[in-house]
Amino acid sequence: MTRILVVDDEKSMRDFLSIMLKKEGYEVSIAGNGEDALRAVQAEIFDLVITDVKMPRMDGLEVLTMVKDVSPETVVLMITAFATTETAVEAMKLGAYDYITKPFKVEEIKLVIRKALEKRSLRKENILLRREMESRAGFENFIGKSPPMQSVFSLIRQVADTRSTVLITGESGTGKELVARAVHFNSSRKTGPFVTINCGALPETLLESELFGYMKGAFTGAVSNKQGLFEAANGGTIFLDEISATTPALQIKLLRVLQEREFKRVGGTADVKVDVRVIAASNKNLLNEVKSGAFREDLYYRLNVLPIQLPPLRERKEDVPPLVEFFLKKFSGGGEPKRMTPEAMKILINNRWPGNVRELENTVERLVILASGDLIRLEHVPDTIRNEQPCSELVPSDIPDGGIDLGMLLENAEKTLLRKALEKTGGVKTEAAKILGLSFRSFRHRLQKYESE
């Protein structure tokens with residue numbers, strides 16, 4: 001709801017404007033003098049301030065200056081019974097939207113208020129639109145014809161047009177943000193903002209203020225009120241990447257937003273209500289994080305309403321050629337894209353790609369830069385990729401001159417596969433046994449050999 005502050009030393013004018021504005025559907029606060037207005041603006045963020053010019057102690061121009069200092073995005077409308085050209089010019093120089101003389105017609109001030117709020121909304125929408133137009137280009141990068149990716153696309157279509165929270169999991173570089181964008185732009189919220197933040201890239205105190213905003217004076221450097229990303233995403237979607245990096249204290253506040261759809265700004269006292277869809281992502285197994293005590297169980301279940309698991313690139317090898325072709329065009333600089341020999345393509349298809357699509361993209365960019373001519377050959381592929389063989393992390397590519405300890409090699413391979421199976425199944429031993437082709441009893445016996453280590 002649009003928030004308006006009315007500042008006037010005449011009670012009759014305050015009451016009149018308050019009643020009129022509330023009938024129009026606005027949320028209204030009132031202040032009888034400049035000092036009260038200052039306290040109100042420091043405590044809350046208002047969309048519009050309507051202030052009288054002639055007031056004792058702190059006049060309207062001082063209120064205007066103070067509002068623009070504390071909350072630069074707030075629109076200020078000046079009203080006065082003692083209009084002068086000099087005062088009007090000064091008010092406009094200080095950032096007032098308009099200057100209205102008393103007595104005024106009701107319809108006149110209603111129209112001015114609507115236009116003032118429309119201007120503020122348009123300015124905000126233009127900022128968000130620029131962000132979204134920049135981000136939409138990434139949606140075209142979503143390429144995948146393999147059955148695992150087709151399943152993901154089908155799931156996106158199913159969950160997109162709901163209000164429920166989505167949790168996207170998968171290894172780094174698999175395209176979790178692209179999935180989040182696909183969910184948003186295939187939903188009824190697609191005309192609303194899509195706001196992203198990497199929770200692992202900021203310290204806790206800074207992350208909280210970025211998410212929820214802050215009031216002037218809340219901490220050193222908070223020189224004005226600032227809107228948070230949850231408010232910026234109102235009516236749209238917020239994407240919380242690397243949600244596992246949040247601290248328990250911040251997780252409690254995120255839980256409240258999901259449950260109540262409201263929060264308090266840092267240093268603020270009033271609740272701010274928002275209509276935001278939350279999409280979270282993690283490259284860690286959040287269920288394991290819950291078991292270890294690093295992540296709140298109640299928040300996990302609030303987030304995991306609609307889970308989407310992204311497969312790693314090594315499990316959808318048929319997607320490698322179209323991805324390579326796409327990246328070759330992307331890095332062609334607008335000219336004819338380079339081609340890749342079948343031998344070079346085969347090496348890329350068989351690579352394990354621990355960094356997934358992001359690593360493949362970086363590799364293709366390097367190949368385009370370093371390969372002379374129009375053809376990328378096997379010799380252009382980095383040695384680290386050419387020399388990698390299937391199961392290279394378990395079996396060495398060659399037997400060294402000094403020999404090899406086969407018993408230790410097999411033991412390490414067994415431990416690695418047991419661990420990976422447990423990670424893949426979220427610690428469920430019966431499922432881990434199945435994917436390794438073992439009975440539960442055999443799996444448990446093998447696991448017990450290493451649990452004491």
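A residue counts as buried under 20% relative accessible area, as exposed over 50%, and as partly exposed in between. With that scale in hand, the aromatic side chains of this predicted model can be described. F16 has a relative accessibility of 34%, so this residue falls in the partly exposed class. F104, at 14%, counts as buried.

Eight aromatic pairs are found in the structure. In one of them, the ring centres of F16 and F104 lie 6.5 Å apart and the planes meet at 35°, so the pair is classed as tilted. This contact links distant parts of the chain, with the two positions 88 residues apart in numbering. F16 belongs to helix 1 (residues 11–23), while F104 sits in the loop between strand 5 (98–101) and helix 5 (106–136).

A further aromatic pair is made by F326 and F327, and here the geometry is edge-to-face. The centre-to-centre distance is 5.6 Å, and the planes are 70° apart. As for accessibility, F326 is partly exposed at 22%, whereas F327 is buried, with a relative accessible area of 2%. The 22% of F326 is not under the 20% cut-off, so F326 is not assigned to the buried class.

Aromatic residues also come together in a group: F212, F230 and F263 form one cluster. Finally, a ring can meet a charge as well. The charged end of R3 is placed over the ring of F46, at 5.8 Å from the ring centre.

Definitions and conventions. Residues numbered from 1 in each chain as written. Predicted model: local features only at pLDDT ≥ 70, side-chain atom pairs only at ≥ 80, totals over all residues. Heavy atoms only, no water. Phe/Tyr/Trp six-rings, centres within 6.5 Å; stacked < 30°, edge-to-face > 60°. Helix = DSSP H or I, 4+ residues; strand = E, 2+ residues; numbered from the N terminus. Buried < 20%, exposed > 50% of the residue type's maximum accessible area, 1.4 Å probe, protein only. Lys NZ or Arg CZ within 6 Å of the ring centre and 35° of its normal.
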